[in-house]
Amino acid sequence: ETQPQGYADAAENPSNQIDITALPLTGSNGNDFGEKLGSIAGSVYEDFSNLAAGNNNGLRDSGENPIANVIVTLTGTDVLGNPVNLTTTTAADGSYRFNDLMPANAAGYKVVETQPAGYLDGKHTAGNGVVAGSNAVANEISGINISAGQQASGYLFGELANATISGTVYLDRNDDG
């Protein structure tokens, strides 16, 4: 089979190197060619900063709030040498997804989050994709290498709510605090 443009090679049966002249003229079935594109997905969420409870752990635990409307960008170069530069915004549940991806070149893809207003940068976690030399710092996860058709997920951006200080100013006439 000649590889179709815009698709990544996936599993074939028996292979994509079939010599068509060697096939019997009567009923040769099961010579299928699989072509698949992959995806990278994750979420942006408030990783509670209650350190006594062990959070700011880089994992999206039950009850941690999603952060919607955060800009997330995927960049890199695919295996065919084409530049990739895609942008999306997180949904109400904090999720984002980049679909129809070819495998990346050796450097891998990079996912970058625009720091959401009102939050401090927390821990970021690489997902279940093949990550070579992954680096999850400064609002980015890099070195993401997905295979043909792989649905990579769990690329998390944890954020910490800004702390607030409040109180009351009053005249303490009897000086009792």
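## Close-up views of a predicted all-strand chain

**Figure 1. Strand 7 and strand 10 side by side.** Strand 7 and strand 10 form an antiparallel pair held over 4 bridges. The model shown here, as in every figure below, is predicted. Within this pair, Val 111 faces Ile 141 of strand 10 as its opposite residue. Strand 7 covers residues 109–113, and strand 10 covers residues 140–145. How many of the residues of strand 10 are buried? The count is 6 of the 6, so strand 10 is largely enclosed by the rest of the structure.

**Figure 2. Ser 142 in strand 10.** Ser 142 is one of the residues of strand 10. Is Ser 142 buried or exposed? Ser 142 counts as buried because its relative accessibility is 12%, and the cut-off for buried is under 20%. Ser 142 and Tyr 109 are separated by 33 residues in sequence, yet their C-alpha atoms are 6.0 Å apart in space.

**Figure 3. Asn 139, just outside strand 10.** Asn 139 sits in the loop that links strand 9 (130–137) to strand 10. Although Asn 139 is in a loop, it counts as buried, because its relative accessibility is 13%. The side chain of Asn 139 makes a polar contact of 3.3 Å with the side chain of Gln 115. Leaving aside residues up to four places away in sequence, Asn 139 touches Val 111, Val 112, Glu 113, Gln 115, Asp 121, His 124, Phe 157 and Glu 159. Val 111, seen in Figure 1 opposite Ile 141, is thus also among the residues touched by Asn 139.

**Figure 4. The largest nonpolar core.** This core contains 20 residues. Which residues have the most contacts inside it? They are Ile 40, Leu 74, Tyr 109, Val 111 and Ile 144. At least two core residues come from each of strand 3 (38–46), strand 4 (71–77), strand 6 (95–101), strand 7, strand 10 and strand 11 (151–161). Both strands of the pair in Figure 1 therefore appear among the suppliers of this core, and strand 10 is the one described above as largely enclosed, with 6 of its 6 residues buried.

**Figure 5. Ile 40, a residue of the core.** Ile 40 belongs to strand 3. Its relative accessibility is 0%, which is why Ile 40 counts as buried. Which residues does Ile 40 touch, not counting residues up to four places away in sequence? They are Leu 74, Tyr 96, Arg 97, Phe 98, Leu 101, Tyr 109, Val 111, Ile 144, Ile 146, Ala 152 and Tyr 155. This list includes Leu 74, Tyr 109, Val 111 and Ile 144, which are named with Ile 40 among the core residues with the most contacts. Ile 40 also has a distant sequence position brought to 6.3 Å, C-alpha to C-alpha: that of Gln 151, which is 111 residues apart from Ile 40 in sequence.

**Figure 6. An open sheet of 4 strands.** The strands of this sheet follow the order 6-3-11-8, and their pairing is mixed. Which strands are at the edges? Strand 6 and strand 8 (119–125) are the edge strands, and each pairs on one side only. On average, neighbouring strands in this sheet are turned by 20° against each other, with direction ignored. Strand 8 and strand 11 run antiparallel and are joined by 5 bridges. One residue pair to look for is Thr 125 with its bridge partner in strand 11, Leu 156. In a regular strand, side chains alternate between the two faces of the sheet.

**Figure 7. Asn 69 and Asp 175, two residues with positive phi.** Asn 69 is not a glycine, but its phi is positive, at about 65°. Asn 69 is placed in the loop between strand 3 and strand 4, and counts as exposed because its relative accessibility is 64%. Asp 175, also not a glycine, has a positive phi of about 55°. Asp 175 is found in the segment after strand 11, and its 67% relative accessibility is why it counts as exposed.

**Figure 8. The whole chain, for orientation.** The chain has 11 strands and 0 helices. Of its 177 residues, 33% count as buried. Among contacts between residues at least 6 apart in sequence, 64% join residues at least 24 apart. The chain exposes about 10,200 Å², of which carbon and sulfur atoms supply 52%.

How values were computed
Residues are numbered from 1 along each chain as its sequence is written. This is a predicted model: local features need pLDDT of at least 70, side-chain atom pairs count only at pLDDT 80 or more; totals for chains, interfaces and linings use all residues. Side-chain values use heavy atoms; hydrogens and water are left out. Buried means under 20% relative accessible area, exposed over 50%, partly exposed in between (1.4 Å probe, protein chains only). A polar contact is a pair of N or O atoms within 3.5 Å; within protein, one must be able to donate a hydrogen and the other to accept it, and residues adjacent in sequence count only if both atoms are side-chain atoms. Contact means heavy atoms within 4.5 Å. A nonpolar core is a set of buried Ala, Val, Leu, Ile, Met, Phe, Trp, Tyr and Cys residues joined through side-chain atoms within 4.5 Å. Accessible areas come from the Shrake-Rupley method with a 1.4 Å probe; for residues, only the protein chains shown count as cover. Two strands pair if DSSP finds at least two bridges between them. Axes are lines fitted to C-alpha atoms, for helices over the stretch in contact, and angles run from 0 to 180 degrees between N-to-C directions.
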